[in-house]
Amino acid sequence: MKTSVVYVITSSFDDTYLEQMYFSMYSLRMYNPMVNIIIVCDTSTAQSFIGNRKKLMEIANEVIPVEVPTQFNNMQKSRFLKTSLRKYISGDFLYIDNDTIICDDISEIDNMESPLMGVPDFHCDLTEFPGNKSLSILSEKIGLHFDKHKYCFNGGVLYAKDHPISYDLFNCWHSEWIKNLKLGYSTDQQSLFAANEKCGFPIKKMDDAYNCQIIFNGLKYLYRAKIIHYFASGFEKSGNLEQPYLFQNKLHYQYLKENGTLDAECEKGFKSPKGAFVPNVQIVTSFQSEYNNTPFYSMSRNFYYNHSKLIKLMSKIKHILKK
């Protein structure tokens, strides 16, 4: 495999981002043993690679520390690095987010013809995209032509050839991110959307199997997925609530952090990542999904989580009264 795989990390001893990246690299190496793995990080993160953290880094072939402006927080530093990757990496590369599990051979990526490729966010075009209204408002605000876009590409997995078009896109992406950060948009997704238009829409659609977003319309691609993107947004706020995909549950990352090794459940999960779901998982329709994203559901779920015994008791009383 000639294409390098690149990760970006900004992390400290207080989080589990390094452990998330390790899980992704571990699965990548399992199914692609000869792949060249490159990690790009800020200098303070590089200085934290000691003890178990240093051991976790040994799976990579190369670590590239970069000086990042100190006024940025860790999340902003990671976006600074991600949007400027082309400055630090030579050759063709596949960028992969840390909240991913690789589950197959990805060497066919060497045969990609287009200089830039990605998978649409939510696996759909803009007519069905859940965030099209807010994206349309943003487009008008920053002078884009929303109606000219077919997709909003997900930035979690991006293929980039060592090609002038690729360099132009990343330069524009970084500039747009710096500009949009001042408008309050610290994530990279909106800036990628803007850069794609301003560079003449160079990003072409890649097979959805390379970024199977299992939480958002990705189940129909799971059977042939090469990369599973489980999304760790809100990871630190999830508390102890069990998540549907095994590798979404932070107790496994905490175990790795404390012991420097994988727990038995994860070792089993890596052997069959497409089936690595917790025992009780249900598929819901779009209506249920919309309801699950309402503030009312969030409040009721939290109430049930904190008072489950009371709710179960009330259910029993209701059942008895019915008789």
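Helix α12, which spans residues 308-322, supplies four residues to a nonpolar patch, the largest share of it. Keep in mind as you look that this is a predicted model. The patch sits on the surface and is formed by Phe303, Leu310, Leu313, Met314 and Ile317. Together these residues have about 470 Å² of accessible area. If you would like a place to start, find Met314, which is located in helix α12.

Now let's move to a pair of helices. Look for α4, residues 74-83, and α6, residues 164-181. Their axes come within 8 Å and cross at roughly 155°. Angles over 145 degrees count as roughly antiparallel, so α4 is roughly antiparallel to α6.

Which residues make the contact between α4 and α6? From α4 come Gln76, Arg79, Phe80, Lys82 and Thr83. On the α6 side you will find Phe170, Trp173, His174, Trp177, Ile178 and Leu181. Sorted by character, the residues of this contact are six nonpolar, three polar and two charged.

Stay with Lys82 for a moment. Its side chain also meets that of Asp188 in a salt bridge, with 3.3 Å from N to O. What does this pair tie together? Lys82 belongs to helix α4, while Asp188 lies in the loop between α6 and α7 (189-198), so the salt bridge links parts that are 106 residues apart in sequence. Searching the whole structure turns up eight salt bridges, and the pair of Lys82 and Asp188 is one you can now point to yourself.

Technical notes: Residues are numbered from 1 along each chain as its sequence is written. This is a predicted model: local features need pLDDT of at least 70, side-chain atom pairs count only at pLDDT 80 or more; totals for chains, interfaces and linings use all residues. Side-chain values use heavy atoms; hydrogens and water are left out. Axes are lines fitted to C-alpha atoms, for helices over the stretch in contact, and angles run from 0 to 180 degrees between N-to-C directions. Helices (H or I, at least four residues) and strands (E, at least two) are DSSP runs, numbered from the N terminus. Angles under 35 degrees count as roughly parallel, over 145 as roughly antiparallel, 65 to 115 as roughly perpendicular and the rest as oblique. Contact means heavy atoms within 4.5 Å. Ala, Val, Leu, Ile, Met, Phe, Trp, Tyr, Cys and Pro count as nonpolar, Asp, Glu, Lys and Arg as charged, and the others, Gly among them, as polar. Patches are made of residues with over 30% relative accessible area and no salt bridge: like charges are joined within 9 Å, nonpolar side chains (Val, Leu, Ile, Met, Phe, Trp, Tyr) within 5 Å. Accessible areas come from the Shrake-Rupley method with a 1.4 Å probe; for residues, only the protein chains shown count as cover. A salt bridge is a side-chain nitrogen of Lys or Arg within 4 Å of a carboxyl oxygen of Asp or Glu.
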